Amino acid sequence: RGQLKIAVSAMAARCRLAARFHRVHGTNVRLDASRTRATRVESFANGLCFSQEPLAPGQIFLVEIEEKELGWCGHLRVGLTAHDPQSLEVVPEYSLPDLVNMGDTWVFAITRSHNRVTEDGEEVRPRAQGSPWEPFLLIEQVRIPRDTLVGRSRPGRYSHILDDLYKMNVLPATARRSRIGVLYAPQPDGTADMHIIINGEDMGPSARHLPTTRPLYAVVDVFASTKSVRVIPVEYGFPSLQTLCRLVIQKHIVHRLAIDGLDLPPPLKSFCKHE
């Protein structure tokens, strides 16, 4: 138990350090002072960003879509690369195909469909996701607090339209406030599978047989209709009592605005509605 606590603490410290973007990025990207928010200020391309540090096995790099831009086709792209951003003479204009064509890079465009791949002849089986109300997402041996991974809309005039989505704790993958993450899970053969997480749901292995002998950096391409994203730090530990209370409350209400009628302190009401 003591070793587990040390491992969790080490992972949490590493995640806090890595939860920002690398200084090397595409020419159309502007980072805020904390390097946790990336905005594409021109055109629809040259929006490539990387994690500050290479990821540890099972460590998720999570971003939230903050701004969209109308008029472009295509959405956010995420993945992993074995190229150290500092070693790039020029940051490629696109993650797909430019960075991928450099080799040792695995990137997928985020759409409403799942980015699941199969081996030749392998049958696609339903994934065991567990209830959206369960506090942890399990991937291989990795256990991640689910609440941080889930993006939710703000309640408002059209809340009734989104309530079916809210009950399932999800938003469309390409919507504002949607949260997209990437990690790799080591396999018995010494390679790793890349997993893309969309609003707390594991999309399954999006790429297989990644090498684990080289550091792997997260890739985030702020492309086309995605204009701005923000890095979300993920704490690897037990969910707080406040978070557990929110899960119970959300599970038993019919409509988000019904939270206003509950006998709860205002800060907790806002927390439950994700304002």
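Is Phe-61 buried or exposed? At 4% relative accessibility, Phe-61 is buried. One caution before I go on: this is a predicted model.

Let's stay with Phe-61. This residue sits in strand β4. Its C-alpha lies 5.5 Å from the C-alpha of Val-182, and the two residues are 121 apart along the chain.

Now its ring partner. Phe-21 has 0% relative accessibility, so Phe-21 is buried as well. The ring centres of Phe-21 and Phe-61 are 5.9 Å apart. Their planes meet at 65°, which is over the 60-degree cut-off, so the pair is edge-to-face. Where does each ring come from? Phe-21 belongs to the loop between α1 (2-18) and β1 (29-31), while Phe-61 belongs to β4. The pair therefore ties together parts that are 40 residues apart in sequence.

On to the core. The largest nonpolar core has 32 residues. Which members touch the most others? Phe-21, Phe-61, Val-63, Val-220 and Val-229 do. Seven strands matter here: β4 (61-68), β5 (77-81), β9 (179-186), β10 (192-198), β11 (201-210), β12 (217-221) and β13 (226-231). Each of them supplies at least two core residues. The top contributor is β10, with four.

Take Val-229 as a sample. Skip residues up to four places away in sequence. Val-229 then touches, among them, Phe-21, Val-63, Ile-65, Leu-76 and Val-220. Its contacts also include Arg-37, Glu-64 and Glu-66. Apart from the largest core lies another, with twelve residues. Its members include Ile-139, Ile-197, Val-234 and Tyr-236. As background, nonpolar side chains in soluble globular proteins tend to be buried together.

Back to the rings. Across the whole structure, a search finds five aromatic pairs. One of them is Phe-44 with Tyr-94. Centre to centre, that is 6.3 Å. The planes are 35° apart, and the pair is tilted. Phe-44 lies in the loop between β2 (37-40) and β3 (48-50), and Tyr-94 in the loop between β5 and α2 (95-101). So this pair ties together parts that are 50 residues apart in sequence. Phe-44 is partly exposed, at 26% relative accessibility.

There is a cluster too. Phe-44, Trp-72, Tyr-94 and Phe-223 make up one aromatic cluster. Phe-223 also has a charge over its face: Arg-77, at 3.8 Å from the ring centre. A second case is Arg-143, which lies over the face of Phe-136 at 4.0 Å from the ring centre.

Next, His-22. This histidine is in the loop between α1 and β1. His-22 is buried, with a relative accessible area of 7%. What does its side chain reach? A polar atom of that side chain lies 3.0 Å from the backbone nitrogen of Val-24. Beyond four places in sequence, the contacts of His-22 include Leu-31, Arg-35, Phe-50, Asp-84 and Gln-86.

Last, the cysteines. How many disulfides does the structure hold? Zero. Cys-49 is buried, at 1% relative accessible area. Cys-73, at 73%, counts as exposed.

Methods: Residues numbered from 1 in each chain as written. Predicted model: local features only at pLDDT ≥ 70, side-chain atom pairs only at ≥ 80, totals over all residues. Heavy atoms only, no water. Core = buried A, V, L, I, M, F, W, Y, C linked by side-chain atoms within 4.5 Å. Buried < 20%, exposed > 50% of the residue type's maximum accessible area, 1.4 Å probe, protein only. Contact = heavy atoms within 4.5 Å. Phe/Tyr/Trp six-rings, centres within 6.5 Å; stacked < 30°, edge-to-face > 60°. Lys NZ or Arg CZ within 6 Å of the ring centre and 35° of its normal. Polar contact = N/O pair within 3.5 Å; in protein donor to acceptor, adjacent residues only side chain to side chain. Disulfide = S-S within 2.5 Å.
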